[in-house]
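Trainee: Could you walk me through one helix of this model and its surroundings?
Mentor: Gladly, let's look at it together.

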Amino acid sequence: MSASSPENTDRLGAINHKIVADGESLPVVRLQDGSAVQTGTVAAMLHNVERYNRGERGQIEDELRLAVPTLVKVGLFALFPPQDWIASDNPGRSFVGRAAAQYLAEKTAEGRLSQ
């Protein structure tokens, strides 16, 4: 992993806040490589997958896409590859897999992928 923080770290705080009780906040934490990531991103992604599966689109799709760089940074897609997500019969999980595959392909083509 490189020390660069994933894209959207600053915006994820507001998105991820919806999973915690009023008055609570989720911190940004620094990883061993020096990069900063927004906590709660996996939980918020799971919440948004559920909403996607209930038929919500638009903002939910945007929020899922915004989470992908952080999910890549913390190694989620190294453990569970995007192809596994895409092959799922869960529509929200498939959406996240396609978003991750697209993000990874773009970053690889740019030569900027660092996990």
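What follows is a short conversation about helix α3 in this predicted model.

Trainee: How far apart are the end C-alpha atoms of helix α3?
Mentor: Helix α3 covers residues 59-73, which makes 15 residues. At 1.5 Å a residue, the helix should span 21 Å, and the model agrees with this. The end C-alpha atoms are apart by 22 Å.

Trainee: Where in α3 does the kink of about 30 degrees lie?
Mentor: Start from the proline in this helix, P69. The kink comes shortly before that proline, at A67.

Trainee: How many of the 15 residues of α3 are buried?
Mentor: Buried means under 20% relative accessible area. Among the residues of α3 that are buried are I60, L64, V68 and also the charged-letter entries E61, E63 and K73. What covers the buried residues includes α1 (9-16), β2 (36-38), α2 (41-53), α4 (76-79) and α6 (91-110). The helix is largely enclosed by the rest of the structure, because the buried count is 12.

Trainee: Which helix gives the most to the largest nonpolar core?
Mentor: That core has 21 residues, and M45, L64, V68, F77 and V96 have the most contacts inside it. The helices α1, α2, α3, α4 and α6 each supply at least two of its residues. With 7 residues, the one that gives the most is α3.

Trainee: Which residues does F77 touch, leaving out those up to four places away in sequence?
Mentor: F77 is among the core residues with the most contacts. Contact here means heavy atoms within 4.5 Å. The residues F77 touches are V68, L71, V72, P82, W85, V96 and A100.

Conventions: Residues are numbered from 1 along each chain as its sequence is written. This is a predicted model: local features need pLDDT of at least 70, side-chain atom pairs count only at pLDDT 80 or more; totals for chains, interfaces and linings use all residues. Side-chain values use heavy atoms; hydrogens and water are left out. Helices (H or I, at least four residues) and strands (E, at least two) are DSSP runs, numbered from the N terminus. The expected span of a helix is 1.5 Å times one less than its number of residues. The bend at a residue is the angle between axes fitted to the seven residues ending there and the seven starting there. Buried means under 20% relative accessible area, exposed over 50%, partly exposed in between (1.4 Å probe, protein chains only). A nonpolar core is a set of buried Ala, Val, Leu, Ile, Met, Phe, Trp, Tyr and Cys residues joined through side-chain atoms within 4.5 Å.
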